[in-house]
Amino acid sequence: MEPVDLRLLGDAELAARLDDADAGAFSILHARHYAAVLGRARSICKRPELAEEAVQETFLGLWRRPRGFDPARGELRHWLLAVVGHRSIDLVRRGQLELRHCAGSDELLHGIAASGELDDEVLRRETRRSIHAVMGELAEPQRQVVGLAYLGELTQTEIALRLGIPLGTVKSRTRLAYDRIGRRLAA
């Protein structure tokens, strides 16, 4: 049997080879579509590091779950652009949420420090204690997704895969947890 020149195969044929963890097929797909996928991510994210993360998650998702792409529903290029678009939006939203929480925490911490009532070490300990207390009040599913996101440094997509739940469920649990944490810390 003659070796196949992978460069001559179409995207659907190469994607089908990913079921068998064909690194050569993945490499060709990556090279073919990287520029377009990165361009799409940059147009949404604006921050280069977020765009790169979205691209990495997109191609990693293709490698880990190649059957997520169904050639009967369209071209691989369009699927990759849609996936990176969704991941980019998720990253931008997560970044905005983190900025809002950080800004609120910074104002609170600066106000306390400026009052001269607490030194830096006491303030850090008190903040850690408050965060641990709030985390303890969360429902287990919410605590689980927040823990995986911050302690495990996983993306929402990776959390969904690890827990075997839909991405929308991860997003809902995260939002509920952030709402509760925000209300509790504000009080």
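Q: What makes the span of α3 close to the expected value?
A: Helix α3 has 17 residues and reaches 24 Å from its first C-alpha to its last, close to the 24 Å expected at 1.5 Å a residue. The expected span is 1.5 Å times one less than the number of residues. Helices here are DSSP runs of H or I with at least four residues, numbered from the N terminus. This is a predicted model, in which local features need pLDDT of at least 70 and side-chain atom pairs count only at pLDDT 80 or more, while totals for chains, interfaces and linings use all residues. Residues are numbered from 1 along each chain as its sequence is written, and side-chain values use heavy atoms, with hydrogens and water left out.

Q: Why is the pair of Phe26 and Trp63 called edge-to-face?
A: Rings of Phe, Tyr and Trp (its six-membered ring) pair if their centres lie within 6.5 Å; planes under 30 degrees apart are stacked, over 60 edge-to-face, and the rest tilted. The centres of Phe26 and Trp63 are 5.3 Å apart and their planes differ by 65°, so the pair is edge-to-face. Phe26 lies in helix α2 (residues 23-45) and Trp63 in helix α3 (residues 48-64), so the pair ties together parts 37 residues apart in sequence. Ring pairs also link Phe26, Phe59 and Trp63 into a cluster.

Q: Why does Phe26 count as buried, and why is Trp63 called partly exposed?
A: Buried means under 20% relative accessible area, exposed over 50%, and partly exposed in between (1.4 Å probe, protein chains only). Phe26 has 17% relative accessibility and therefore counts as buried. Trp63, at 31%, is therefore partly exposed.

Q: What makes Asp90 and Lys171 a salt bridge?
A: A salt bridge is a side-chain nitrogen of Lys or Arg within 4 Å of a carboxyl oxygen of Asp or Glu. The closest N and O atoms of Asp90 and Lys171 are 2.6 Å apart, so the pair qualifies. Asp90 lies in helix α4 and Lys171 in helix α8 (residues 167-186), so the bridge ties together parts 81 residues apart in sequence. At 13% relative accessibility, Asp90 counts as buried.

Q: Why is Glu158 said to have no salt bridge?
A: The nearest side chain of opposite charge, Arg64, is 4.2 Å away from the buried Glu158. Lys and Arg count as positive and Asp and Glu as negative, with His and the chain ends not counted. A salt bridge requires a separation within 4 Å, so this pair does not qualify.

How values were computed:
Helices (H or I, at least four residues) and strands (E, at least two) are DSSP runs, numbered from the N terminus.
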